[in-house]
Amino acid sequence: MSADPTADERAAVDELLGPPESSWDGAVERTAFDHRVARGGADARDDRHLLLPALHALQARVGWISPGGMNYVCERLTVPPAEAYGVATFYAMFSTVERSPTVLHICDDIACRLHEADALVDDVETRLGDERRQQVLRSPCLGLCDVAPAGLLQTAGEGGDSQIPRVSLDALLPFIDGGPWTIHDHEEGSTPQPADERRLLRRVGVADPSSIDDYRAHGGYEALRLALEHGPDWTLREIIDSKLMGRGGAAFPTGVKWKAVAEQPVHPHYFVCNADESEPGTFKDRVVMEQDPYAVIESLTIAGITTGCEQGYLYIRGEYPLATERLQHAIEEARRHGLLGDDVMGHGVRFDIELRRGAGAYICGEETALFNSLEGKRGEPRNKPPFPVQRGLFGKPTGINNVETLINVLEILRIGGQAYAETGTEGSTGPRLFCLSGDVERPGVYEHDHGVTLREVIDAAGGVRNARGLKAILLGGAAGGFVGPDQLDIALTFEDARAGGYTLGSGVVMLFDENADLTDACLRIAQFFRDESCGQCVPCRVGTVRQEEALHRLVQGRTLGSHDDELVLLEDVAQVMRDASICGLGQTAANAVQSAIASLGVFGGDASDAANADDVPSPTEEQES
Ligand SMILES: Cc1cc2nc3c(=O)[nH]c(=O)nc-3n(C[C@H](O)[C@H](O)[C@H](O)COP(=O)(O)O)c2cc1C
Ligand code: SF4
Ligand code: FES
């Protein structure tokens with residue numbers, strides 16, 4: 001489409017990319033030289049990875065990505081407009097249609113629904129009326145389940161984005177009235193657990209997250225000093241000895257992954273911190289990043305220098321403005337203090353970190369989708385093999401770890417790999433972060449050694465809200481599964497989970513009290529997977545739609561055939577998605593629904609099936625590394 005950028009749009013893009021060098025990459029004036037020589041093509045193509053930041057720049061400046069703005073970005077980066085359009089429309093935070101510069105996202109996902117979010121959105125929509133209704137958007141989990149119901153205000157221009165905890169109609173009145181509205185800094189991430197019970201979270205609420213000096217005063221940068229003094233082989237040995245397993249969902253041994261990257265003959269190597277955290281019910285990484293940002297930067301630095309990387313990337317979900325700001329500040333401070341850059345801590349080692357924001361796509365947490373997103377493409381997963389350690393980001397050997405996995409590295413180097421391995425259990429060493437939300441008395445992130453029972457985790461958070469009865473627990477996230485109150489004594493370890501057909505997933509422990517509507521929760525989960533499927537492979541693209549349709553038919557009593565026929569259909573769809581989907585999204589999209597039917601009798605399923613753990617689908621572990 002032929003359309004020109006406005007001056008504002010040009011300025012937003014130029015601030016990121018620098019001014020154009022010639023009319024070939026977007027300059028308004030065509031010089032005599034430009035008439036004879038085309039310049040910058042190869043360089044611009046190398047900058048394709050800046051497509052997402054450039055689209056962010058437009059969205060943040062004018063509140064949408066106009067055809068003129070998009071054309072200018074395409075000219076600057078030599079990306080075909082159709083491709084850029086495909087990328088822009090992939091991400092929920094970008095709008096390719098003009099809209100208000102102020103948009104309020106209210107989460108109506110599972111934890112927030114337990115805090116009346118659904119009714120709240122209806123109410124706000126009604127009060128805004130037809131003309132302003134588009135200013136409020138329903139959102140999947142915003143990673144603020146501990147302060148549900150949650151919101152996110154996206155404001156173009158100076159305002160920026162702000163997280164809103166405990167959204168209420170009263171708090172929204174200025175917005176509804178259309179007057180000026182100031183959101184006070186969202187309250188700090190919650191860790192209700194006493195400080196002396198925490199190892200990974202020892203600095204949360206204790207050290208000032210904006211001060212590198214305070215971080216150091218609380219033991220910060222000791223682990224990096226040890227890693228540099230002893231060298232990569234020593235660090236690798238400690239990580240292998242610790243038997244640390246990844247906390248991002250696939251439970252892959254971290255030491256094995258690091259070793260595989262370090263040994264790759266092809267260079268450069270990259271290391272990525274996966275901070276996309278979009279699994280409904282999950283907010284542990286957010287709390288760590290907001291409250292202890294230097295720990296993430298230090299541990300990513302150790303991962304990078306141990307695996308022979310000079311460049312690291314931190315990919316954070318777009319809906320985390322406070323964590324983004326604090327991490328960016330921490331990176332700059334670390335650079336200023338010689339803890340990142342060409343000569344890390346004076347040891348002659350080079351390592352630097354770039355922070356990149358996602359833009360609202362759950363699938364971008366899948367490691368290869370994340371690489372595509374970083375490269376400026378649609379966040380669609382790649383086939384594996386080749387595995388990331390062989391060919392990852394930009395086709396080079398890449399290590400990738402979850403935020404929680406990485407901060408365990410600091411603890412391992414602090415106490416030694418073998419001492420770390422003696423905590424937790426034989427097969428699941430070390431501590432684990434749990435995200436308590438829903439109908440729980442004291443929501444927040446809690447830290448326990450592996451082997452703790454579900455009952456102990458819930459008790460530590462004060463039990464069920466208002467001392468009500470417990471109906472169910474969603475364990476591991478939307479890709480995890482429901483368990484009933486009769487399963488409170490299960491041990492939370494990888495090995496017990498595997499044997500028992502449940503999952504720890506991303507550490508979600510969401511409580512549903514005796515009054516909760518599990519049918520509603522299942523419908524919302526099914527909608528989530530239907531929305532978030534990238535659509536690349538048929539079993540998931542079609543299966544997630546069919547699953548949601550069948551659930552709606554069951555709820556409405558308008559079944560195709562008998563009620564049991566629908567349950568059989570759901571089981572068939574689940575099986576196909578599990579067996580034939582390319583990535584973990586499709587492979588786990590039916591877990592929660594199937595477990596609710598089998599373990600809890602939701603939708604009229606036979607809850608006696610729960611006695612047979614084999615019938616409860618276990619999460620498909622992704623193929624890793
Ligand atoms: C749909 C989907 C979403 C995912 N989201 C995340 C995420 O937000 N954060 C994360 O660390 N891992 C996520 N993963 C797992 C990653 O693919 C990868 O296994 C992980 O980052 C590896 O880190 P780890 O070894 O430290 O666990 C996701 C996987 C799938 C299939
Ligand atoms: S399983 Fe779903 S999310 Fe994964 S690649 Fe296929 S369509 Fe995309
Ligand atoms: S923030 Fe609403 S469910 Fe997580």
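Strand β1 (residues 102-107) runs antiparallel to strand β3 (residues 151-155), and five bridges join the two. Strands here are DSSP runs of E with at least two residues, helices are runs of H or I with at least four, and both are numbered from the N terminus. Two strands count as paired if DSSP finds at least two bridges between them. One of the bridges links His 105 to Leu 152 in β3. The wider setting is an open sheet of four strands in the order β2-β1-β3-β4, with mixed pairing. β2 (136-139) and β4 (160-164) sit at the edges with a single partner strand each, so one side of each has no neighbour in the sheet. From one strand to the next the twist averages 20°; axes are lines fitted to C-alpha atoms (for helices, over the stretch in contact), and angles run from 0 to 180 degrees between N-to-C directions.

The model is a predicted one, in which local features need pLDDT of at least 70, side-chain atom pairs count only at pLDDT 80 or more, and totals for chains, interfaces and linings use all residues. Residues are numbered from 1 along each chain as its sequence is written, while chains are lettered from A and ligands numbered from 1 in the order in which they are written.

The protein chain is assigned domain 1 (7-88), domain 2 (102-177), domain 3 (196-421) and domain 4 (439-615), with bounds that come from an automatic or database domain assignment. Between domain 1 and domain 2, the C-alpha centres are 33 Å apart.

A second open sheet has four strands as well, this time in the order β7-β6-β5-β8 with parallel pairing. Here β7 (352-357) and β8 are the edge strands; each has a single partner strand, so one side of each is left without a neighbour in the sheet. The twist again averages 20° from one strand to the next. Within this sheet, β5 (residues 269-275) and β6 (residues 309-316) pair in the parallel sense over seven bridges, and His 269 has Cys 309 in β6 as its bridge partner. Helix α16 (residues 321-336) lies across β6 and β7, at about 165° to β7.

A couple of cis peptide bonds turn up in loops. The bond from His 267 to Pro 268 is cis, with omega near 0°, and Pro 268 is in the loop between α13 (254-263) and β5. The bond from Pro 385 to Pro 386 is also cis, with omega near 0°; Pro 386 belongs to the loop between α17 (367-374) and β8. For context, most peptide bonds are trans, and most residues other than glycine have a negative phi. Thr 78 has a positive phi, near 50°, despite being a residue other than glycine.

Thr 78 is in the loop between α5 and α6, which brings up that helix pair. Helix α5 (residues 67-77) and helix α6 (residues 81-88) pack at an angle of about 115°, their axes 9 Å apart. Their crossing is right-handed, meaning that the near helix is turned clockwise from the far one by less than a right angle (anticlockwise would be left-handed). On the α5 side, Met 70, Asn 71, Val 73 and Cys 74 meet Pro 81, Ala 84, Tyr 85 and Ala 88 of α6, contact being C-beta atoms, placed from the backbone, within 7 Å. Seven of the contact residues are nonpolar, one is polar and none is charged. In this scheme Ala, Val, Leu, Ile, Met, Phe, Trp, Tyr, Cys and Pro are nonpolar, Asp, Glu, Lys and Arg are charged, and the others, Gly among them, are polar.

Then there are the ligands. Around ligand 1 there are 24 residues, of which Gly 246, Gly 248, Gly 365, Asn 402 and Gly 584 come nearest; a residue is near if its C-beta atom, placed from the backbone, lies within 6 Å. The shell has six nonpolar, ten polar and eight charged residues. Domain 3 and domain 4 each supply at least three of them. β8 (398-402) and α25 (584-588) each give at least two residues, and β8 gives the most, with three.

Ligand 2 has 14 residues around it, with Cys 534, Cys 537, Cys 540, Cys 583 and Gly 586 nearest. Two or more residues of this shell come from each of α23 (538-556) and α25. By class, the shell around ligand 2 has eight nonpolar, five polar and one charged residues.

Key: Two residues are in contact if their C-beta atoms, placed from the backbone, lie within 7 Å.
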